[in-house]
Amino acid sequence: MNIVVCVKQIPDPADPGALDPETKTLKRDVKLILDESDSYGVEMALQLAGDEGTVSLVSMAPNSEVGGLRTALAMGAESAVLVSDDALKGSDALTTAKVLAAAIAKSSPDLVIAATESSDGYTGTVPEQIAALMDLPSVTFAKEIALDGGTAKVKRQTESGYDSVECPLPCLVSVTAGVVEPRYPSFKGIMAAKAKPVEEVTVADLGLDAGSVGWAGAGQEIVSIEDAPAREAGEVIEDEGDAHERIVAFLDELKVL
Amino acid sequence: MGLSKIWVFGEASDGTVASITLELLAKARELADTVEVVFGGDGDAIAASVGEHGATGVQATGDLAGAMQGVSIANAVAAAVEAGTGPDAILIGTTYDGRDVAGRLSVKLDAPVITNVVDLEVAGDRLVGTEPVFGGVTNVKTGFTGDKVAILLVRPKSFTAEPTGGGAAAVSALAVPDGGAAAAAKVTDRFVEESDGPKLDEAAIVVSGGRGLGESDKFDMVESLAKLLKGAPGASRAIVDAGWVPYSYQVGQTGKVVKPSVYIAAGISGATQHLVGMKGAANIIAINKDPEAPIFGIADLGIVGDVHKVMPKLIEALEARG
């Protein structure tokens, strides 16, 4: 069982950063960490691969960033491919998917796992775009995955509950947060991760045309950035044992009781 | 890009059309003369309902026999575009199936998707979508640069559904080309999780809990209060990530967008991730022990206090009223 997990390295969400007014993209000149959303996919892959299988990572990030990849390697993944290339600046979700799909295809995996969406960009389209580009079947929003021979059996989140979905391998599955409990990297794992192979590749290495990615490849452009109308703060009171009465009175005023 | 025909991805369960579909129809009518629904199922089942909301046609695939909506609808729409019978733009809700459709279709047409749209306008001769970033404090407007079919993923609750009183939409058959290996996933069974209250994104009152609850079994307080108020329980991302409640409870940028008349945030600090999913509520009540919590910046009534003291008393007071 050869599993590839797509991981994104993002600015720390506790410090969400800002848009660069020049380029109209997220400022990324800060240290990047593993997107917490991806820790579930890494954990799921490690559990599904067991002792026999291999788990490798694919990521696209500027400036040869590997901070987030090292975290996932410390959890137990064996190796990583990092696509880092100045030509990728300004890439939209579709271009990102093209780059990741090309990098994933190099290892012909049985299973590709991704998060449902990243925590910083959250377009939520990249996993399905990767599947389409690789001509793979897919099951998105998995809340449970089991492998049965050459078939993935997935419980897929729906508006009203879940669907049981069967999908032959190779395929792509995107997993929701909380689907498994991600392990904390052990000290041994952290030390071992430093020696694990991270292969850095460029757009040209993947056989893609630099003129078709980045700003040039994006079929959309930002027209304007504006402050949204702000919502005013109301009354704030300190609880002195009777705040619940104020809430009841407020609900009464709104006539919802 | 001319904009004469818009398709809306239709979603329904048991013959009831989803509110997101009706919301999209309301906006589509403002933008184009011809508005049709593309539907992965029996078109006759929804023709009256979508017709009443302004759709003149339903392009229906018929029963998909367990095939996934995403790959089926994308292949069908791409074939229609190829044949010259497709739309100029397609509006898709940010839902589980909607995102699959948008992702697959984007690859089929080699066209970008503008995502997380909360407002839409025609500027010059192109569609421009508004996307909130940084928890909704900044709006980014994005337009398409090419002349391909415009694909937009629109967040639920962005527009208000409004009937036009139109007659049933005309149903046409939309062929689904053979999807090959990519279409091999099949739904074998569907499970509806029983819930005795309203759905999270439709409830008039939402009570959400966050990390400030301290431990997972304290979420019971959130559920009790929601039940007393005939509302729905929700959650911040922090406690979904921690595994206290399922992903389906999550309110926020990742998760559900809610616009109830009353939103009660218990032990939620108000990370930007959360605010973008609930700041559209008509009234917000927040209980948090940290007076500096960002949630107080948007709350109509803020209680600086311990949820473990305030919530039980509130529940007791409401129970006493019957």
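**Exercise 1. Classify A:Ile190 by its exposure, then find its patch.**

Solution.
Step 1. A:Ile190 has a relative accessibility of 38%. The classes are buried (under 20% relative accessible area), partly exposed (in between) and exposed (over 50%), with a 1.4 Å probe and protein chains only. So A:Ile190 counts as partly exposed.
Step 2. The place of A:Ile190 is helix H5 of chain A, residues 187-193. Helices (H or I, at least four residues) and strands (E, at least two) are DSSP runs, numbered from the N terminus.
Step 3. A:Ile190 joins A:Phe187 and A:Met191 in a nonpolar surface patch of about 320 Å². Patch residues have over 30% relative accessible area and no salt bridge; nonpolar side chains (Val, Leu, Ile, Met, Phe, Trp, Tyr) are joined within 5 Å, like charges within 9 Å. The areas come from the Shrake-Rupley method with a 1.4 Å probe, and for residues only the protein chains shown count as cover.

A note on the model: it is predicted, so local features need pLDDT of at least 70 and side-chain atom pairs pLDDT 80 or more, while totals for chains, interfaces and linings use all residues. Residues are numbered from 1 along each chain as its sequence is written, chains are lettered from A and ligands numbered from 1 in the order written, and side-chain values use heavy atoms, without hydrogens and water.

**Exercise 2. Explain why A:Cys167 has no bond to the closest cysteine sulfur.**

Solution.
Step 1. A disulfide is a covalent bond between the sulfur atoms of two cysteines. The cut-off here is a pair of cysteine sulfur atoms within 2.5 Å.
Step 2. The closest cysteine sulfur to that of A:Cys167 is in A:Cys171, 3.9 Å away, which is too far for a bond. A:Cys171 is likewise in no disulfide.
Step 3. Check the surroundings. A:Cys167 is buried at 0% relative accessible area. A:Cys171 is buried too, at 1%.
Step 4. Count over all chains: the structure holds zero disulfides.

**Exercise 3. Find which peptide bond is cis, from A:Leu169 to which residue.**

Solution.
Step 1. The cis bond runs from A:Leu169 to A:Pro170, with omega near -5 degrees.
Step 2. A:Pro170 lies in the loop between strand E9 (161-168) and strand E10 (171-175) of chain A.

**Exercise 4. State the phi values of A:Asn63 and A:Ser64, and place both residues.**

Solution.
Step 1. A:Asn63 is not a glycine, yet its phi is positive, about 55 degrees. A:Ser64 also has a positive phi, near 55 degrees, in a residue other than glycine.
Step 2. A:Asn63 is in the loop between strand E4 (54-60) and helix H2 (67-75) of chain A. A:Ser64 lies in the loop between E4 and H2.
Step 3. Now exposure. A:Asn63 counts as exposed at 54%. A:Ser64 counts as partly exposed at 35%.

**Exercise 5. Describe the salt bridge of B:Arg321, and say which chains it joins.**

Solution.
Step 1. Use the cut-off: a side-chain nitrogen of Lys or Arg within 4 Å of a carboxyl oxygen of Asp or Glu.
Step 2. B:Arg321 meets A:Asp252 at 2.9 Å, N to O. B:Arg321 lies in helix H8 of chain B (residues 307-321) and A:Asp252 in helix H7 of chain A (residues 243-253), so the pair joins two chains.
Step 3. B:Arg321 is partly exposed at 46%. A:Asp252 is partly exposed at 35%.
Step 4. Take a second pair. A:Lys153 bridges to A:Asp148, with the closest N and O atoms 3.0 Å apart. A:Lys153 is partly exposed at 34%, and A:Asp148 is partly exposed at 45%.
Step 5. Look for a network. A:Lys98, B:Asp110 and B:Lys148 are linked by salt bridges. B:Asp110 is in the loop between helix H4 (96-109) and strand E7 (113-117) of chain B.
Step 6. The total over all chains is 23 salt bridges.

**Exercise 6. Count the cavities and name residues that line the largest one.**

Solution.
Step 1. A cavity is a set of points on a 1 Å grid over the protein atoms alone where a 1.4 Å probe fits but cannot get out; lining residues have an atom within 4 Å of a point. Points are joined across faces, edges and corners, and the volume is the space filled by probe spheres set on them.
Step 2. The structure holds three cavities of 30 Å³ or more. The largest has about 90 Å³ of space.
Step 3. Its lining includes A:Ser37, A:Glu117, A:Thr176, B:Arg237 and B:Tyr247.

Key. On a 1 Å grid over the protein atoms alone, a cavity is a set of points where a 1.4 Å probe fits but cannot get out, and a pocket is an open set with protein on both sides within 12 Å along at least five of seven lines; lining residues have an atom within 4 Å of a point.
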